[in-house]
There are 2 protein chains.
Amino acid sequence: MTERGVRVRQREETRRALLGESRRLFTERGYGAVSLAEIVGAAGVTKGALYHHFDGKEELFRAVLEDVQQEVGRRVAEAAGAHEDSWDQLVFGCREFLAATTAPGIQRIMLVDGPAVLGWTAWRAMDEASSARHLTEALTVLVDEGVVPAQPVAPLAHLLSGAMNEAALWLATSTDPADLEHTTAALDRMLDALRAA
Amino acid sequence: MTERGVRVRQREETRRALLGESRRLFTERGYGAVSLAEIVGAAGVTKGALYHHFDGKEELFRAVLEDVQQEVGRRVAEAAGAHEDSWDQLVFGCREFLAATTAPGIQRIMLVDGPAVLGWTAWRAMDEASSARHLTEALTVLVDEGVVPAQPVAPLAHLLSGAMNEAALWLATSTDPADLEHTTAALDRMLDALRAA
DNA sequence: CTTTTTCACATACCGATGGTACGCGAATTC
DNA sequence: GAATTCGCGTACCATCGGTATGTGAAAAAG
């Protein structure tokens, strides 16, 4: 079927190597502390290859961030999709988001460097396009169904999104495993308050 | 009284010029996009002066961030202190925090670049030392008084802090003035849920 | 099969940036 | 008034992100 060809295969392989190594380095040491020389070195290519695939360091980061966000978005969607009830979709989607973003390979790129490197507005747009969209949708459904009292969804979505982002960052540094339970419990209570008449 | 002397006065003046101009530039264009050459140029000095007062670009930013955080912390403390009731202190402290961090001169430095430049852990420690401390204290008092059900305060503080941070960033980009009311209302409801038995 | 074109990538180079070493001169100290 | 401090300017350096150009193999054209 797909005639592939040596050309395109090598191209994709190089691109994946660049994305993979830069993601690893960005995760370990942050965007600002990683040089392009390191990235291309780790990927086994040169800057020529990097600039052939990406428009610069910032665009490379954007591509990495897109991967990370899609990964999180997919996990959230799967967790939510496992439930029929709209309310359960919200709750379990939120829990999965918390679990996914607590992982070390996600945090720094998605929650810390993302807004600083690309600007908060651009970051927000990307976030909305991937994981945050699920939250907005879930809330909209619940309002439409009357489970949650009628109100603008956007403020609610931002409050909850921010709460979970910060909580995830904190949990990642926490040493006490009970913190996760406590946070989940507190989050559950916050969510539960939404459907109080 | 204070014999001041030409030496110390000039020193303080230079330091204030560097802090002021760098705060302005960091706010306008972000940490990464501002060069030291620009800063010293705007402040009317040279790099020699900058490195005499600060250990580098990162430490200069840290000093600026400290100023910004103290400013916010003071506003929150004042707003909360205007009320006797512990619950009112929490509510009005949160509202003031939202108002303070929605201002353009605060946002980028405190909420976007801060964690990325200094690392989330260091940023958190600084935040806790200034504005976030008030939130933790207020919640602790409320739990002690029995107004809020007994529970670990830290998870709650992080959830609320993150919620307000994100909300402030969103509000700053929002064009609809009604968004502020809606967000405040939603936040009030979130807080109010804390004292439901 | 031969020629031509494409293109994925390497090499060499550039201006700008953060950072350092050192010198100077006026304010302070003795 | 001599000695010393120190706030700051000057000159310089390594490294960074980014660009221009070369090259060789794969693909297309003949």
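Helix 1 (5-29) and helix 3 (47-53) of chain A, together with helix 1 (5-29) and helix 3 (47-53) of chain B, each supply at least two residues of the surface near DNA strand D, where a residue is near a strand if one of its heavy atoms lies within 4 Å of it. Helices here are DSSP runs (H or I, at least four residues) numbered from the N terminus, and strands of the protein are DSSP runs of E with at least two residues. This is a predicted model, in which local features need pLDDT of at least 70 and side-chain atom pairs count only at pLDDT 80 or more, while totals for chains, interfaces and linings use all residues. Residues are numbered from 1 along each chain as its sequence is written, chains are lettered from A and ligands numbered from 1 in the order in which they are written, and side-chain values use heavy atoms, with hydrogens and water left out.

**DNA strand D**

- Of the 20 residues around DNA strand D, those that come nearest are A:Lys47, B:Arg7, B:Thr14, B:Thr46 and B:His53, and sugar and phosphate make up 60% of the atoms of this strand that come within 4 Å of the protein.
- The surface near DNA strand D has six nonpolar, nine polar and five charged residues; in this scheme Ala, Val, Leu, Ile, Met, Phe, Trp, Tyr, Cys and Pro count as nonpolar, Asp, Glu, Lys and Arg as charged, and the others, Gly among them, as polar.
- Polar contacts are pairs of N or O atoms within 3.5 Å (within protein, one must be able to donate a hydrogen and the other to accept it, and residues adjacent in sequence count only if both atoms are side-chain atoms).
- A polar backbone atom of A:Arg7 is 3.1 Å from a phosphate oxygen of DNA strand D, and a backbone N or O atom of A:Val34 lies 3.4 Å from a phosphate oxygen of that strand.
- In chain B, an N or O atom in the side chain of B:Arg7 is 2.6 Å from a sugar or linking oxygen of DNA strand D.

**DNA strand C**

- DNA strand C is surrounded by 20 residues, of which the closest are A:Arg7, A:Thr14, A:Thr46, A:His53 and B:Lys47, and sugar and phosphate account for 61% of the strand's atoms that come within 4 Å of the protein.
- Helix 1 and helix 3 of chain A and helix 1 and helix 3 of chain B each give at least two residues to the surface near DNA strand C, which has six nonpolar, nine polar and five charged residues.
- A polar side-chain atom of A:Thr46 lies 2.5 Å from a phosphate oxygen of DNA strand C.
- From chain B, a polar backbone atom of B:Val34 is 3.4 Å from a phosphate oxygen of DNA strand C, and a polar backbone atom of B:Leu36 is 2.8 Å from a phosphate oxygen of the strand.

**Chain A and its contact with chain B**

- Chain A has ten helices and zero strands, and its C-alpha atoms fill a box of roughly 60 × 45 × 30 Å, taken along the principal axes.
- The contact (heavy atoms within 4.5 Å) takes 29 residues from chain A and 30 residues from chain B.
- The area buried between chain A and chain B is about 2700 Å², with carbon and sulfur atoms giving 75% of it; buried area is the accessible area (1.4 Å probe) that two parts lose on being put together, summed over both.

**The largest pocket**

- The largest pocket has a volume of about 400 Å³, where a pocket is an open set of points, on a 1 Å grid over the protein atoms alone, with protein on both sides within 12 Å along at least five of seven lines, and lining residues have an atom within 4 Å of a point.
- Grid points are joined across faces, edges and corners, and a volume is the space filled by probe spheres (1.4 Å) set on the points.
- The pocket is lined by 19 residues, of which A:Tyr31, A:Ala116, A:Val117, B:Tyr31 and B:Gly32 lie nearest its centre, and the lining divides into eight nonpolar, four polar and seven charged residues.
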